Amino acid sequence: MAGTAEIILDGKTYQYPTIEGTEGEKAIDIAKLRDETGYITIDSGYKNTGATKSAITFLDGELGILHYRGYSIEDLAEKANFLEVAYLLIYGELPTTEQYSKFEHDIRTHTIVNEDMRRIFNGFPVNAHPMGVMSSLVSAMSGFYPDSYDDKAPDRTETHIIRLLAKFPTLATWCYKKSHGHPINYPKNSLDYCSNFLHMMFSLPVEDYHVDPIVSAALNKLLILHADHEQNCSTSTVRLVGSSKANIYSSISAGISALWGPLHGGANQEVIEMLEEIKADGGDVMKFVNKAKDKNSGFRLMGFGHRVYKNFDPRARIIKKAADDILGKLGVNDPVLEIAKGLEEAALHDDYFVSRKLYPNVDFYSGIIYRALGIPTNMFTVMFALGRLPGWIAQWKEMRANKEPIGRPRQIYTGATDRPFVPMAER
Ligand code: ACO
């Protein structure tokens with residue numbers, strides 16, 4: 001219900017409307033604050049700043065709730081497939097059979113990548129991090145589809161969306177193949193989305209490859225869990241870049257770069273590296289818990305803590321259970337799973353973590369599953385990006401449809417005040 005907030009500044013009272021979302025989230029609309037008062041708000045890290053109104057994803061950090069377009073993450077992870085969820089996020093409703101068939105068919109028939117992109121790709125060193133490569137290649141796609149940035153060309157956004165969803169898996173598998181010195185595989189369009197990805201990743205010209213349905217189902221679930229998460233760092237980046245009317249490829253490329261950071265999606269790689277370090281060190285989890293508590297160590301428990309979830313991350317709960325199931329079904333015995341559980345147990349009983357409401361996040365157990373599926377550590381964040389792609393697309397599309405203004409925060413200047421220029425010889 002709309003109301004009014006009163007703000008008293010320099011002895012004068014100002015009134016601003018409050019707004020409420022469909023799930024009861026409340027905000028003060030301060031759009032006129034600076035014009036009327038001369039003040040701006042300052043909120044480092046945007047901890048209390050709503051950048052937009054969005055109808056895509058709802059999350060309640062206190063209650064550990066996550067919904068895509070009103071459907072619970074638990075239901076979707078259990079019952080849907082990834083492309084169905086992608087359609088839901090991008091177009092707002094679960095697809096009918098006809099809508100799904102067309103969407104899936106369109107994606108299947110756009111999987112191949114222009115051969116000239118290979119020339120760009122070939123220029124990267126073999127040990128280049130795949131996130132840097134992916135960000136570059138997705139940005140390069142704009143060059144192959146110049147109508148994406150030509151204001152006078154007919155609007156082809158829908159085709160660009162299909163291209164992104166279809167070609168991203170192909171590009172991602174190039175990174176893996178190159179790092180292994182193996183020939184790249186062309187997509188096989190008779191396969192479904194997850195199976196095609198696994199085929200391009202793991203099949204070799206010298207032997208038959210059959211997609212393991214357990215692996216494909218696990219991948220499907222992980223991608224759904226990552227598919228959107230409202231205004232996180234990478235999604236906000238996509239919206240901010242897109243708000244300047246930058247094309248969809250450049251905007252998503254910027255999102256990939258933001259996701260790469262170890263405080264965001266890059267944490268999934270860091271988690272496995274941390275667990276390996278604990279294992280190599282003898283497996284004493286308390287030693288690492290204590291190190292994380294020591295502010296001088298510069299060390300954090302990777303995969304722990306979240307800006308919004310202050311109770312539990314519902315995705316982490318699903319992934320933890322899935323890790324047990326999938327490793328069990330595949331007959332994989334990964335010692336780091338036990339180390340991860342021990343670390344979680346120790347942290348959840350430690351006052352430092354309890355008092356700061358630090359719980360395992362989505363990245364804590366996902367790497368263990370990816371590893372069991374045969375995906376190497378440096379590809380983990382690319383897997384996250386593959387899952388997040390429909391969310392970025394949906395958010396970019398919504399931002400454009402709502403005709404949001406260019407994103408341009410203000411600042412409080414703290415530098416030197418006006419001073420005369422001093423010629424170099426006199427300095
Ligand atoms: N280990 C140890 N201490 C931590 C951790 C951690 N993982 N996370 C937060 N803290 C501490 C901070 O030192 C701070 O302590 P203080 O109050 O004594 O100064 C307090 O908890 C609050 O931390 P902030 O950094 O202020 O919380 P913020 O909301 O800004 O950061 C973040 C959230 C970045 C996720 C943080 O918890 C973190 O760095 N976690 C590890 C990296 C990680 O797993 N990132 C993935 C997040 S999920 C995602 O992006 C997909």
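**Notebook: domain 2 against domain 3, then the ligand**

I began at the interface of domain 2 and domain 3, where the rule finds six residue pairs in polar contact, both residues of a pair at pLDDT 80 or more. I note here that the model is predicted.

I then looked for salt bridges across the interface of domain 2 and domain 3, and the rule finds zero.

Next I asked which elements give two or more residues to the side of domain 2 that touches domain 3. They are helix 2 (73–79), helix 9 (213–226) and helix 18 (380–401). Helix 9 supplies the largest share of that side, eight residues. I sorted the side of domain 2 that touches domain 3 by class and got 12 nonpolar, six polar and four charged residues.

**Domains**

I looked up the domain bounds. The assignment gives domain 1 as 4–65, domain 2 as 71–264 + 380–401, and domain 3 as 267–372. Domain 2 is therefore written as two stretches of the chain in this assignment.

I took the distance between the C-alpha centres of domain 2 and domain 3, which is 27 Å. For contacts, I found 22 residues of domain 2 against 23 residues of domain 3.

How much area is buried between domain 2 and domain 3? I got about 1,900 Å², and carbon and sulfur atoms give 71% of it. On the side of domain 2, the residues that lose the most area to domain 3 are Leu222, His229 and Phe380. Together these three make up 32% of what that side buries.

**Ligand**

I turned to the ligand and found 22 residues surrounding it. The closest are His264, Arg300, Leu301, Gly303 and Phe304.

I checked individual atoms next. An oxygen atom of the ligand is 2.7 Å from an N or O atom in the Arg300 side chain. Arg307 has a polar side-chain atom 2.8 Å from an oxygen atom of the ligand. At Leu263 the partner is a polar backbone atom, and it lies 2.9 Å from a nitrogen atom of the ligand.

**Salt bridges**

I counted salt bridges by the rule, and the count comes to 20. One that I looked up joins the side chains of Glu104 and Arg108, with 3.0 Å from N to O. Where do Glu104 and Arg108 sit relative to one another in helix 4? They are separated by about one helical turn, because they are four residues apart in that helix (residues 97–108).

**Arg118**

My last entry is on Arg118, which I found in helix 5 (residues 115–122). Leaving out residues up to four places away in sequence, Arg118 touches Trp174, Ile184 and Tyr186. I looked at Trp174 further: Arg118 and Trp174 are 56 residues apart in sequence, and their C-alpha atoms are 8.9 Å apart in space.

Conventions:
Residues numbered from 1 in each chain as written. Predicted model: local features only at pLDDT ≥ 70, side-chain atom pairs only at ≥ 80, totals over all residues. Heavy atoms only, no water. Contact = heavy atoms within 4.5 Å. Buried area = accessible area lost by both parts, 1.4 Å probe. Salt bridge = Lys/Arg side-chain N within 4 Å of Asp/Glu carboxyl O. Polar contact = N/O pair within 3.5 Å; in protein donor to acceptor, adjacent residues only side chain to side chain. Nonpolar A, V, L, I, M, F, W, Y, C, P; charged D, E, K, R; others polar. Near = heavy atom within 4 Å.
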